[in-house]
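Please read the following report alongside the sequence and the model. It moves from a single side chain to the core and then to the surface.

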Amino acid sequence: MRSEGAKMYRDLVKAVKKHIGKEDSKTHFLQFVSSEFRKNRNVSDPVALQHRIKLARDYTYLLNGVHHHKDLLFSYNIAVDRSDEVKRTLGKSAASVGLQLPEVYQS
């Protein structure tokens, strides 16, 4: 049961870092996740513990699902501002061959 909680914690932190970000302005998301897991690490009731693990799993799925849905919308070109996506793609393409984007494309 504890190892399942540790795995969910790692998965949730990974999803938060990937989809929300690691910037200084967004550290409160990671701090909240960490504090909730620390606060509930000594829960002895197996039903309550299982419920908390399920909440963490559901939130991880939500984060991953929302961003996967957004990526699908981008790929289908459905009324979504694609300028950030285009900049990111161009930046990755340029970086893969050791170049940088001109100032025109820099944000």
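Leaving aside neighbours within four places in sequence, His19 is in contact with Leu63, Asn64 and His67, where contact means heavy atoms within 4.5 Å. This is a predicted model, in which local features need pLDDT of at least 70 and side-chain atom pairs count only at pLDDT 80 or more, while totals for chains, interfaces and linings use all residues. Residues are numbered from 1 along each chain as its sequence is written, and side-chain values use heavy atoms, with hydrogens and water left out.

The side chain of His19 also makes a polar contact (N or O atoms within 3.5 Å, one able to donate a hydrogen and the other to accept it; residues adjacent in sequence count only if both atoms are side-chain atoms) with the side chain of Asn64, at 2.8 Å. His19 and Tyr59 sit in helices, which are DSSP runs of H or I with at least four residues, numbered from the N terminus, and their accessibility is classed as buried under 20%, exposed over 50% and partly exposed in between (relative accessible area, 1.4 Å probe, protein chains only).

| Residue | Helix | Relative accessible area |
|---|---|---|
| His19 | H1 (residues 2-19) | 18%, buried |
| Tyr59 | H3 (residues 46-76) | 34%, partly exposed |

The largest nonpolar core (buried Ala, Val, Leu, Ile, Met, Phe, Trp, Tyr and Cys residues joined through side-chain atoms within 4.5 Å) has 13 residues, and those with the most contacts inside it are Leu12, Val16, Val33 and Leu63. Two or more residues each come from H1, helix H2 (27-39) and H3, with H1 giving the most, 5 residues. Not counting residues up to four places away in sequence, Leu12 touches Val33, Phe37, Ala56, Tyr59, Thr60 and Leu63.
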